[in-house]
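Trainee: I am new to this structure and would like to know how its labels are justified. Could we go through them one at a time?

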Amino acid sequence: MRNSIAIIVAILILITSFLAFTNTPIFVRGYSAVKSGFSETIGPMLKLMAKPMDLVSSVFDSYANLVGAKKENAELKKKLDSLLLENQKISDLERENRRLRTLLNFVEKNPKSVIGARVVGEDLKNWYKCIIIDKGSASNIKEKMPVITPRGIVGQAVEVDRWHAKVMVINDTNSSVDVSAEGKDTRGLLEGTGQEVLKLKYVLKNDDIEIGDKLLTSGKDGIYPKGLPAGIVITVNRNKPGIFADIDIMPFSNFKHLEEVLVIKR
Amino acid sequence: MKVAIYTFLGLLLLLAESSLLSFIPVEIFKPDLGVPLVIYTTLFLGPQAGIIATLFIGFMQEGLSAAPHGSILFVKIAIFLIATFLKKKLYIDSKFSFAFVCSGFVVLESLLYITLSLLAKGETRNALNILFYTIPNAVFTGFIGIFIFSFIEYLNVRYLDRE
């Protein structure tokens with residue numbers, strides 16, 4: 001009897017989740033409320049969990065350096081180990097300082113228009129490319145706000161809870177950005193492939209675009225402001241059938257190594 | 001009690017996967033840590049415990065993913081139902097057979113997800129991407145499943161009563 005109840009409950013949840021997936025209005029609203037309540041609970045836990053990440057990655061880096069040091073200086077191992085660790089800390093601090101300085105410069109140039117945020121996690125599924133940042137609606141972050149680094153665009157906020165927000169990265173298959181080649185009048189749609197390399201779509205074969213061209217946001221998609229760096233052209237194939245060229249783009253930012261990002265207020 | 005402990009273990013594992021594993025640059029290494037827990041609770045603790053764990057883990061995974069509303073919960077509940085109906089057909093006598101079952105369910109999960117996207121929304125853009133990761137996800141989930149099974153069994157022997 002109890003087993004039957006569990007199965008009936010499961011079937012009801014199955015139907016509800018299906019209706020939420022198909023965007024049936026009443027179900028979406030209820031489902032979103034439950035989901036965001038859930039997300040708000042796990043937000044602070046995720047922040048807490050992200051703290052040891054710095055430690056783990058610095059230990060990881062330190063270890064990599066120590067392996068090299070051991071080979072070179074077996075006799076002075078202990079002394080060198082401590083020196084290298086100290087050195088590592090300093091160089092880590094210097095790197096962080098440089099990175100934060102670049103961010104600060106950007107913020108100073110664009111006062112009141114950006115919110116700095118820290119990346120605390122990433123999508124659990126590799127089917128979607130998304131990062132989780134430690135700022136949410138409590139910090140005035142809203143859906144569709146563009147997220148960037150000083151190097152280039154990262155993506156847009158797609159789900160915002162009180163404590164954190166999910167950012168769909170531009171290499172997600174659902175992402176597309178209107179871009180134009182720097183100094184040229186060639187425009188196209190930069191689409192995610194789910195892999196590291198992106199595709200530039202709807203560029204005619206006779207359009208002026210070459211390997212090495214920089215792509216900037218055109219500002220015409222209503223999400224990203226004009227002139228932000230998006231990527232660089234790495235291959236142009238005009239030999240495939242059809243009227244459009246097959247163009248591969250490498251984004252400027254490495255989305256696996258993001259630590260701080262900027263959210264642009266709209 | 002047991003289901004609460006396993007679900008809490010699931011919560012910790014999922015949070016760790018989202019935050020701690022993000023520094024690993026290999027995109028292919030993303031096991032579905034929810035599947036082993038759903039399978040374990042459903043097969044060893046029964047459907048009532050299974051549905052609680054599935055609901056919790058499904059919501060957790062959706063909370064930590066950009067997947068559309070309801071999609072992950074739908075496939076997780078479908079896996080729970082399939083595992084419930086196949087309970088008497090699945091013979092798990094070791095951590096390796098458990099790992100094998102987990103891998104199989106990850107493949108099934110991917111196929112279910114593609115079918116759901118196709119039938120409900122007509123979306124095909126992400127299908128190739130999901131297929132690309134299906135086998136690596138299944139292999140890594142099976143591999144991690146061995147450790148999860150061993151750890152849960154250790155917890156059962158050391159601290160909890162075996163059922």
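Trainee: Why is Y202(A) called partly exposed?

Mentor: In this predicted model, Y202(A) has a relative accessibility of 47%. Buried means under 20% and exposed means over 50%, so at 47% Y202(A) counts as partly exposed.

Trainee: Where does Y202(A) lie, and what is its phi?

Mentor: Y202(A) lies in the loop between β8 and β9 (214-217) of chain A. Its phi is positive, about 60 degrees, although Y202(A) is not a glycine. Most residues other than glycine have a negative phi.

Trainee: What makes N140(A) partly exposed rather than buried or exposed?

Mentor: Its relative accessibility is 46%. That value is neither under 20% nor over 50%, so N140(A) counts as partly exposed. N140(A) is placed in the loop between β2 (130-133) and β3 (146-149) of chain A. N140(A) is not a glycine either, yet it has a positive phi of about 70 degrees.

Trainee: How do you know that β8 and β11 of chain A pair?

Mentor: Two strands pair if at least two bridges are found between them. Strand β8 (residues 198-201) and strand β11 (residues 246-251) of chain A have three bridges, in the antiparallel sense, so the condition is met. L198(A) stands opposite I249(A) in β11(A).

Trainee: Which strand of chain A pairs with β11(A) over six bridges?

Mentor: Strand β10 (residues 229-237) of chain A does, also in the antiparallel sense. There V233(A) stands opposite I249(A).

Trainee: How do you know that the length of helix α3 of chain B agrees with what is expected?

Mentor: Helix α3 (residues 47-63) of chain B has 17 residues, and at 1.5 Å a residue they should span 24 Å. The end C-alpha atoms are 24 Å apart, so the two values agree.

Trainee: What makes α3(B) mostly covered?

Mentor: Of its 17 residues, 13 are buried.

Trainee: Which residues touch the most other members of the largest nonpolar core?

Mentor: They are I39(B), M60(B), L64(B) and I77(B), in a core of 70 residues. Helix α4 (residues 71-85) of chain B gives the largest share, ten residues. The core also draws at least three residues from each of domain 1 (2-55) and domain 2 (114-266) of chain A.

Trainee: What is I39(B) in contact with, leaving aside neighbours within four places in sequence?

Mentor: Its contacts include F44(B), I79(B) and F105(B). A second, separate core has 41 residues, among them V177(A) and F255(A).

Terms used: Residues are numbered from 1 along each chain as its sequence is written. Chains are lettered from A and ligands numbered from 1 in the order in which they are written. This is a predicted model: local features need pLDDT of at least 70, side-chain atom pairs count only at pLDDT 80 or more; totals for chains, interfaces and linings use all residues. Side-chain values use heavy atoms; hydrogens and water are left out. A nonpolar core is a set of buried Ala, Val, Leu, Ile, Met, Phe, Trp, Tyr and Cys residues joined through side-chain atoms within 4.5 Å. Buried means under 20% relative accessible area, exposed over 50%, partly exposed in between (1.4 Å probe, protein chains only). Helices (H or I, at least four residues) and strands (E, at least two) are DSSP runs, numbered from the N terminus. Domain bounds come from an automatic or database domain assignment. Contact means heavy atoms within 4.5 Å. The expected span of a helix is 1.5 Å times one less than its number of residues.
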